[in-house]
Amino acid sequence: MKAQRTLVALAAIAVLAAGCSGRSESGGSEDDESRGGTAQSVSGDFGDLSGLCGPGDATTATAQGVTADEIRVGVLSDVGFTKNPEFVDAAHVFTSWCNAAGGINGRTLVAETRDAKLMEVRQRMIEACREDFALVGGGAALDGLGVKERLSCLLPSYPAQVSQTQAVGADLEISASPSRVPGYDPYYGFREWLITEKYPESAGSVGIINGDSPVTRDLGQQAVDSITAAGGTLTYNDLYPAMGVADWTPYAQSIKSKNVRGLVFYGDFKQLAKLEEVLTGMNYKLDWIDANNNAYNDSFIELLGKSAEFQNNYVDLGGSAPLSSADDEPAVQQVLDMYAEYAPDAEITFPALRAMSAWALFAKAATSCGDDLTRSCVYEAALQEDAWTGGGLHAAGNLANPVPPQPCFNIEAATPEGWVTADFGADNGLYRCNTPPFAYPGDYGVPMTLADVGKSMGDIQ
């Protein structure tokens, strides 16, 4: 029972799992009318990317999952466990839009959900290896369990999110908007701003509260490394049961007794809202709370209630354009329009925005291959992107050389009216890019390579 509880909680704590109900999604064909989609012809331009999708004269079956008529890709998710459809919604929206524009050189883009249900990553990966051309726009909390199978069958992956060490930066994986890269802290610039600029009085008393699981223990230690390097002093570092807490009072009392001024939270935002309810009820206000970007949604604001005004919640979007930037970023406005057309009842989350960049990358690479669509072609084409922005969805990244990561970050603050952009000193459009990346001093493992499974790049067809 103890082991089962730990595993069950990993998805919420790793804040990476998302997905679908197990149905196959192909834009312009399945349940479009009920979800707001139509098969009308649309432009295949996405943001500042021209001709991402469109008609063509493909005539041959060139690879597994590729026929003259369609391209079948897999979308990894944990929706059977999390009940969170964000990656499936993103897949439905993008494929519906792309197919309405003519598909990929005339081939219909079909997304097949691979629902890992948290613990079935390996089983779903074996299925993907047997049927799919590639994996696109998904993620699972225990994604490391399937990397060996994916590399063994030479399956390229364009994920929206990655979680475990084996998967982060693994071979044949191209992250269009990486949330993590091996060996570097993605939140260093954000936390340095909190500690040294926005709330310098908080530097002497920073706390971390973390779900009790092997995955998030590493995340917690990495946060200790970066906070210390940024000039902060840890005075509180606690774990809570990974399943969640019925009564957060003891934790709130401990935070207050240690005079914590800034708090980093790892876990499900619903649990954070409960903790803040107790803290606010005690009239204890922290200088800042790092709510983690999984909380960047309307649901968190609603759950906060009075705490939305009383506490100072911040998230780092890591160089991704916020939804509020639609007036300035055509790609963001286009995403809003696409969701309004094809999934009007879906919530556009931060992981969903990352998924849209992943889909755009795959579509551009696949379109460039023309009729001769192979795994080697689509993989090599994606690696040519040395300043990829997803059409304007995020700061530019070099996909062939993602390490060290791009240094840009941008901060959103929670208010009773919703998320608003904080005054964080942007120096590059929407972003701030003047803080060098921070490399962890410790060893947190390495990603899996093709050599680990007896393969090489020369084996990719």
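In these legends, a residue is buried when its relative accessible area is under 20% and exposed when that area is over 50%, with partly exposed residues in between. The model shown is predicted.

**Figure 1. Helix α9 and the elements around it.** Helix α9 covers residues 249-257, and its buried residues are Tyr251, Ala252 and Ile255. Viewed down the axis of α9, these buried residues fall within an arc of 100°, so they line one face of the helix. In an α-helix, residues three or four places apart point the same way, because there are 3.6 residues a turn. The buried residues of α9 pack against three strands, β7 (206-211), β8 (234-240) and β9 (262-266), and against helix α10 (269-281). After α9 comes asparagine 259, which has a positive phi near 55°.

**Figure 2. Helix α4 in its surroundings.** Helix α4 is made up of 15 residues. From the first C-alpha to the last, α4 reaches 21 Å, close to the 21 Å expected at 1.5 Å a residue. Of the 15 residues of α4, 15 are buried, so the helix is largely enclosed by the rest of the structure. Glycine 102 follows α4 and has a positive phi, near 120°.

**Figure 3. The disulfide of cysteine 53 and cysteine 98.** A disulfide is a covalent bond between the sulfur atoms of two cysteines. In this view, the sulfur atoms of cysteine 53 and cysteine 98 are 2.0 Å apart. The link is left-handed, with -105° about the S-S bond. Its two ends belong to distant parts of the chain, 45 residues apart. Cysteine 53 sits in the loop between α2 (32-35) and β2 (70-77), whereas cysteine 98 belongs to helix α4 (residues 86-100). Both cysteine 53 and cysteine 98 are buried.

**Figure 4. The disulfide of cysteine 129 and cysteine 153.** Cysteine 129 is joined to cysteine 153 with an S to S distance of 2.1 Å. This link is left-handed, with -65° about the S-S bond. Distant parts of the chain are connected here too, the two cysteines being 24 residues apart. Cysteine 129 lies in helix α5 (residues 121-131), and cysteine 153 lies in the loop between α6 (147-152) and β5 (157-158). Cysteine 129 has a relative accessibility of 14% and therefore counts as buried.

**Figure 5. The disulfide of cysteine 369 and cysteine 377.** The sulfur atoms of cysteine 369 and cysteine 377 are 2.0 Å apart. The torsion about their S-S bond is about -110°, so the disulfide is left-handed. At 9% relative accessibility, cysteine 369 is buried. Cysteine 377 has a relative accessible area of 25% and is therefore partly exposed. A search of the whole structure finds 4 disulfides. With the bonded cysteines of the chain numbered in sequence order, the pairing is 1-2, 3-4, 5-6, 7-8.

**Figure 6. Polar contacts of arginine 107.** Arginine 107 is located in the loop between α4 and β3 (108-115). Its relative accessibility is 1%, so arginine 107 counts as buried. The arginine 107 side chain reaches the backbone oxygen of threonine 60 at 2.8 Å. A polar contact at 3.0 Å connects the side chain of arginine 107 with that of aspartate 371.

**Figure 7. Glutamine 334 and its contacts.** Glutamine 334 is part of helix α13 (residues 330-342). With a relative accessible area of 17%, under the 20% cut-off, glutamine 334 counts as buried. A polar atom of the glutamine 334 side chain lies 2.9 Å from the backbone oxygen of aspartate 45. Leaving aside residues up to four places away in sequence, glutamine 334 touches Asp45, Phe46, Gly47 and Trp97.

**Figure 8. The whole chain, as context for the close-ups.** The chain has 15 helices and 14 strands. Its radius of gyration is 21 Å, close to the 23 Å that the globule rule gives for 461 residues, so the chain is as compact as a globular protein of that length. The C-alpha trace spans about 70 × 50 × 40 Å along its principal axes. Buried residues make up 58% of the 461 residues of the chain. Among contacts with a separation of 6 or more, 74% are between residues 24 or more positions apart.

Technical notes
Residues are numbered from 1 along each chain as its sequence is written. This is a predicted model: local features need pLDDT of at least 70, side-chain atom pairs count only at pLDDT 80 or more; totals for chains, interfaces and linings use all residues. Side-chain values use heavy atoms; hydrogens and water are left out. A disulfide is a pair of cysteine sulfur atoms within 2.5 Å. Helices (H or I, at least four residues) and strands (E, at least two) are DSSP runs, numbered from the N terminus. Buried means under 20% relative accessible area, exposed over 50%, partly exposed in between (1.4 Å probe, protein chains only). The arc is that of the directions from the helix axis to the C-beta atoms. Contact means heavy atoms within 4.5 Å. A polar contact is a pair of N or O atoms within 3.5 Å; within protein, one must be able to donate a hydrogen and the other to accept it, and residues adjacent in sequence count only if both atoms are side-chain atoms. The expected span of a helix is 1.5 Å times one less than its number of residues. The radius of gyration is taken over C-alpha atoms; the globule rule is 2.2 Å times the number of residues to the power 0.38.
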